[in-house]
Each structure stands twice: as C-alpha cells, then as structure tokens.
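The following exercises ask the reader to describe a protein model together with its bound ligand. Please examine the sequence and the coordinates before turning to the solutions.

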Amino acid sequence: MSNVPSIQDVDVAGKTVLVRADLNVPMDNGRVTDTVRIDRFAPTATFLADKGARVVIISHFGRPKGVRNPTLSLEPVAKALAKSLGREVGFAEDCVGEVAEKTVWAMKDGDIVMLENLRFHIDETENSDVFAQRMAVFSDIYVNDAFSCCHRAHASTYAITKHLPSYAGLSLKKELDALSSVLGDPERPIAALVGGAKVSSKITVLEALIPNMDAIIVGGGMANTFLLAQGHPIGASLAEPDFIDMANKIMATAKTHNCEIVLPVDLVVSAEFAANAQNETIPVGQDPGNGMILDVGAASIEDLTNRLSGLKTLLWNGPLGAFEMEPFGDGTFAVAKAAAELTKQGKLVTVAGGGDTVAALNQAGVSDDFTYISTAGGAFLEWLEGKELPGVAALTEQN
Ligand code: AMP
C-alpha cells in the first residue's frame with residue numbers, strides 16, 4: 001500500500017477543495033469522444049461533494065503553451081463531467097485571478113466548478129510558485145487525482161503542495177496501491193511483457209525491470225533489434241541497429257540476474273505495412289527477404305500462453321505487433337485474452353499501462369478482466385523505471 005495521505009483521512013465539509021484531475025480527454029469538434037478519464041475521476045468529485053466540500057476542479061488540456069486558445073477550452077469537458085456525474089458543474093473562464101476568485105467565492109457546500117485550462121498560463125508548466133499561490137488564495141485543501149500528470153513537477157502538481165494541506169484523491173490512491181502491490185511485494189513468478197515500436201524509447205525501463213523480474217517478454221518492433229543482436233535476419237523490419245550493443249548488454253545483465261529474456265519463436269511478415277496486407281508466418285532464423293515483421297506467429301502465441309500459466313504476476317506495456325492493422329493484432333489480442341482468462345480464474349495478477357497498451361487491450365475486449373489498467377503513459381513508464389514521481393513525492397514530503 002502506498003503511504004500518501006488520502007482524502008478519506010480528512011474532514012472536507014465546508015472546505016474549498018482544489019482538485020487536480022487529468023481531463024485531457026480525446027475530443028473531436030468540441031465533442032468528447034472517450035470518457036474513460038472522466039469516468040475514473042468522477043468518484044472523487046462525487047465523494048468530495050457528498051461530504052459537503054466546495055469542489056474546484058483544475059486540469060490541463062492539450063498544449064496551448066501559455067496562450068489562450070478557444071479550441072483548447074475545458075468548457076466542453078465540464079459539460080461531459082456534469083453528464084457523467086448527473087449533477088451540475090459550473091465553469092469559470094480562468095483558473096486564477098478575479099474570474100476564478102469570484103466564481104469560487106460564490107460557491108455553496110456541495111457545489112462543483114471547473115476552472116479553465118491551466119496551460120493557458122505558461123506559469124503552470126514552469127512550476128511557478130506565484131501561480132500556485134494565486135490558486136491557493138481561494139482554496140483550503142489541495143487534492144491530486146491525476147496519476148498521469150505526476151511525473152511532471154508543474155505548479156498544479158508540485159508548487160501548490162507548498163501552499164495547501166495536500167492529499168491524494170480516490171483514483172490516485174487506487175492507482176498507487178495497485179502499482180505498489182505489483183512491484184513492491186509481487187506474487188512470483190513475475191514477468192514483464194514489454195512491446196511497442198522502439199528499443200530506444202524503453203531501454204531504461206528494460207534495465208530497471210531486470211532485477212525485479214523472473215522473465216521479460218520482448219515483443220513488437222523492439223524484439224527485432226534483439227533478434228538482430230542474436231544474428232537473425234529481419235528483412236525490412238523496423239529495427240534500431242545502433243542499439244544492438246545495448247540489446248546484447250541487456251541480455252547479458254538479465255543472465256546475471258536469472259531473468260529470462262523471452263523473444264518470439266516465429267514471425268508474421270508482410271511486404272506491405274498496411275491493413276489486410278498479404279502475409280506469411282516464418283520461424284525465427286528464416287530470412288524474410290523484403291518482408292517486414294508485423295506480429296508474432298502462432299507458435300509464439302502458444303509459447304507465451306504456456307508461460308503465462310506458470311506465472312503469478314504479469315506486467316504489460318506495449319503491443320506485440322502492429323495491432324492497429326488487421327490481422328497484425330492477432331498476437332497481442334490472443335495473449336491478452338489468455339492473460340485475462342487466467343486473471344478471471346484468480347490465477348494471475350495482471351497490471352497494464354500506457355496509451356497504446358490500453359487501446360490494444362480495449363480492442364481485445366479484455367480491459368475489464370485485467371487486475372488493473374493504468375491509463376497513464378509517461379508516468380506509468382517512469383514508475384516502472386523506479387523513478388520518484390514529483391507529484392507523488394510532494395504529497396509524502398509534506399508530512
Ligand atoms: P510504443 O508507443 O512504443 O508502445 O509503440 C506502440 C506502437 O508500436 C504501435 O503503434 C504498434 O503498431 C507499433 N508496433 C508494434 N510492433 C511493431 C512492428 N513489428 N513493426 C512496426 N510497428 C510495430
């Protein structure tokens with residue numbers, strides 16, 4: 001269990017509670033197209049309002065870089081939140097200054113208000129103490145409920161904690177508890193499945209995982225560089241030859257830690273990087289010629305599925321293939337379904353995170369069956385690396 005102070009430990013009745021949420025949701029033409037982040041945050045807003053707090057929600061949206069940009073207003077998000085909560089959510093056209101202050105001073109206990117995009121002010125990403133103070137003037141308590149923003153020391157995740165008593169919201173607490181139970185004292189054997197496009201973007205993650213894992217399953221484009229390092233032909237596949245030495249170093253380090261590096265045993269290759277492109281399955285070692293490796297083959301799926309049955313805990317980041325294009329999601333979906341089935345049977349704890357991973361698991365239809373899925377991208381990876389997340393550290397430092 002994480003030791004951050006929680007909003008469940010404090011009396012919020014009659015208090016103005018400034019809540020940092022991550023409501024940076026997908027939007028198309030002013031319409032919210034995916035409400036996962038809103039729905040995950042909703043219990044915190046309801047909890048606080050029901051306890052009689054005046055709930056003031058802050059969030060960033062997109063990258064306006066300090067410039068007011070009407071297309072990046074949070075107003076449509078406030079409407080979507082109101083719909084999800086089934087109650088009114090007010091809106092103020094600025095997050096600091098007279099507009100924000102007047103709106104907040106007019107609130108009653110149990111009211112909910114959202115303030116305009118934090119990043120309309122450059123001070124937010126600069127972690128400005130003065131900017132944080134301008135939000136603290138109308139607030140009594142600060143709550144962070146945005147795990148996905150905790151890897152950034154911004155005014156709304158870091159500086160603000162120097163001005164107000166600070167607590168974790170329900171979803172942040174839940175996320176930290178789920179993650180710390182997996183890396184803190186996991187049930188063994190434990191393996192990490194790390195896939196995705198490039199080795200270079202996840203080297204530090206791979207290195208950090210080695211001492212903690214019994215096995216690391218490498219998939220997706222990343223596996224190609226490892227196959228190259230082992231001397232196998234990979235044709236025209238995505239790979240990073242500059243990282244062959246690094247792949248060899250990772251395999252050698254893993255050996256000294258008794259951590260098995262698991263690579264595909266067969267590959268689905270195609271001459272075209274396109275949906276429904278003609279393809280064939282070849283064993284590792286066979287030259288794909290001009291073909292590109294776009295997924296793992298049936299023998300790899302069987303191998304991975306068998307391995308899952310011998311595990312107690314699985315951590316997952318990154319797809320096993322170019323899952324967005326049919327049929328190259330087959331490997332990812334089949335292994336995801338096997339992991340979900342074992343989880344349902346109570347035999348495996350499964351924790352996954354990262355934007356593409358969440359999309360792939362959704363597409364496989366298994367999101368509800370995994371033990372925990374983190375929607376955070378950067379914060380999830382930094383947490384996997386064992387880095388201290390400034391937004392979380394700020395909550396524990398104050399005690
Ligand atoms: P990442 O953000 O590093 O997790 O990478 C995810 C992306 O990797 C997805 O868009 C996949 O389509 C892509 N990907 C996975 N495997 C392959 C592959 N063998 N070749 C090309 N792209 C891949």
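The exercises below treat the ligand site, one helix, the domains and some backbone features.

The model is a predicted one, in which local features need pLDDT of at least 70, side-chain atom pairs count only at pLDDT 80 or more, and totals for chains, interfaces and linings use all residues. Residues are numbered from 1 along each chain as its sequence is written, and side-chain values use heavy atoms, with hydrogens and water left out.

**Exercise 1. Describe the surroundings of the ligand.**

Step 1. Begin with the shell, where a residue is near the ligand if one of its heavy atoms lies within 4 Å of it. There are 15 residues around the ligand, and Ala197, Lys202, Gly221, Ile293 and Glu324 come nearest.

Step 2. Classify the shell: 7 residues are nonpolar, 5 polar and 3 charged. In this scheme Ala, Val, Leu, Ile, Met, Phe, Trp, Tyr, Cys and Pro count as nonpolar, Asp, Glu, Lys and Arg as charged, and the others, Gly among them, as polar.

Step 3. List N or O pairs between protein and ligand, with 3.5 Å as the limit for a polar contact (a pair of N or O atoms within 3.5 Å; within protein, one must be able to donate a hydrogen and the other to accept it, and residues adjacent in sequence count only if both atoms are side-chain atoms). A polar backbone atom of Ala197 is 3.0 Å from an oxygen atom of the ligand. For Gly221, a backbone N or O atom lies 3.1 Å from a ligand nitrogen atom. A side-chain N or O atom of Asp356 is 3.1 Å from an oxygen atom of the ligand.

Step 4. Assess the cover: the ligand taken alone exposes 500 Å², of which the protein buries 82%. These areas come from the Shrake-Rupley method with a 1.4 Å probe; for residues, only the protein chains shown count as cover.

Step 5. Identify the elements that give two or more residues to the shell: α7 (220-229) and β14 (292-296). Helices (H or I, at least four residues) and strands (E, at least two) are DSSP runs, numbered from the N terminus.

**Exercise 2. Is α7 largely enclosed or open, and what does it pack against?**

Step 1. Count the buried residues, buried meaning under 20% relative accessible area, exposed over 50%, and partly exposed in between (1.4 Å probe, protein chains only). In α7, 9 of the 10 residues are buried, so the helix is largely enclosed by the rest of the structure. Among them are Gly221, Met222 and Phe226.

Step 2. Find the partners by contact (heavy atoms within 4.5 Å). The buried residues of α7 pack against β9 (190-194), α6 (203-209), β10 (215-218), α8 (244-256), β12 (266-270) and β14.

Step 3. Inspect the end of the helix: just after α7, Gly231 has a positive phi of about 90 degrees.

**Exercise 3. Locate the domains and the notable backbone geometry.**

Step 1. The domain assignment, which is automatic or from a database, gives domain 1 (7-173 + 389-397) and domain 2 (186-365). Their C-alpha centres lie 37 Å apart.

Step 2. Cis peptide bonds join Arg188 to Pro189 and Glu326 to Pro327. Pro189 is in the loop between α5 and β9, while Pro327 is in the loop between β15 (313-317) and α10 (330-344).

Step 3. Lys65 has a positive phi near 55 degrees and counts as exposed at 64% relative accessibility. Asn127 also has phi near 55 degrees, but is partly exposed at 23%.
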